[in-house]
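Please consider the structure shown below, which is to be read as a predicted model. The explanation then proceeds from a single residue to a helix pair and finally to an internal space.

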Amino acid sequence: MNERTSAPLLPGIKPVLELLRDTPQRLDLVYCRKGLRSQDAQKIQELCRTYHVRYTLVDSAALDRLCREVAGSVAHQGVVARLAATDFQTLDDVLAAVHDAPLPLLLALDQVQDPGNIGTLCRSLYALGGAGILLPRHNSAYLGPAARRAAAGALDRLPVARVDNLAHALDSAEEAGLTIYGAGCGAHAADAFAEALRLPAVLVLGNEDKGLRPGVAKRCSRMLRIPLARDFDSLNVAQAGAILLGLTAARQHGRF
């Protein structure tokens, strides 16, 4: 069973509509059948746009297959919602958590696609005392079973915020007194082994293939690179994040 079909699903027009009206933050993605024109179906799409809940149009066969694989039933009425696998916090809540964390550091993940990478980063961050996670609402991995397995319980303990615009969220973090750092390998990036982070801070890690988007990168007051002792392609985002988190925690405790 893959990541998508092992996710908790809510089929049916009325149940999805009620959840959108009452607690839209509990919805991760809504699947709507192409050509569905009922008033309630149109209202679902309208509420998705209002509350920034992702929705996608699919054919009836795809909905049948999705429901059959999960629930053994195809009684979906043309609408199926994938439920959020964790309770998301507001941006203000996550920013406030920095001041009480043993390691006053947030991770911001810019369109990281692999749920295992996100789960591993959550595990490392929690173990080292970090404060929480910021994710863009769109184009981030689903925090479902694969992410939760890799996190080994950390996702239940760390505050996680989904934001509509990550660049604007970083602006808010800077206004709240946090220094913004980005991980990169450009010519102007500082040696992470020699550069101590000024805490409290946000460390921004980018997409596995493309790195940080330009609009996000320009919010970073400093870019950091991990110097490699051998000629090697790169570290993946979870490995790089763990190294940078470990360096920051060691410096905070005066280990070097």
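Gly-206 belongs to strand β10, which spans residues 201-206. Its relative accessibility is 9%, and a residue counts as buried under 20%, so Gly-206 is classed as buried. Leaving aside residues up to four places away in sequence, Gly-206 is in contact with Asp-110, Val-112, Gly-211, Leu-212 and Val-237. A further reference point is Ser-124: this residue lies 82 residues from Gly-206 along the chain, and the two C-alpha atoms are 17 Å apart.

Both Val-237 and Ser-124 reappear in the packing of two helices. Helix α5 comprises residues 115-127 and helix α9 residues 237-252; their axes approach within 9 Å and cross at roughly 10 degrees. Angles under 35 degrees count as roughly parallel, and α5 is therefore roughly parallel to α9. On the α5 side, the contact is formed by Asn-117, Thr-120, Leu-121, Ser-124 and Leu-125, while α9 contributes Val-237, Ala-238, Gly-241, Ala-242 and Leu-245. Classified by residue type, this contact between α5 and α9 contains 6 nonpolar and 4 polar residues, with no charged residues.

The remaining topic is enclosed space. The structure contains 1 cavity of 30 Å³ or more, and the largest cavity holds about 80 Å³. Its lining consists of Asp-28, Arg-54, Ala-85, Phe-88, Leu-135, Pro-136, Arg-137, Ser-140, Ala-141, Tyr-142, Leu-143 and Arg-162. In this lining, 7 residues are nonpolar, 1 is polar and 4 are charged.

Note on methods
Residues numbered from 1 in each chain as written. Predicted model: local features only at pLDDT ≥ 70, side-chain atom pairs only at ≥ 80, totals over all residues. Heavy atoms only, no water. 1 Å grid on protein atoms, 1.4 Å probe; cavity = no way out; pocket = protein on both sides within 12 Å on 5 of 7 lines; lining within 4 Å. Points joined across faces, edges and corners; volume = space filled by probe spheres on them. Nonpolar A, V, L, I, M, F, W, Y, C, P; charged D, E, K, R; others polar. Axes fitted to C-alpha atoms, helices over the stretch in contact; angles between N-to-C directions. Helix = DSSP H or I, 4+ residues; strand = E, 2+ residues; numbered from the N terminus. Parallel < 35°, antiparallel > 145°, perpendicular 65-115°, else oblique. Contact = heavy atoms within 4.5 Å. Buried < 20%, exposed > 50% of the residue type's maximum accessible area, 1.4 Å probe, protein only.
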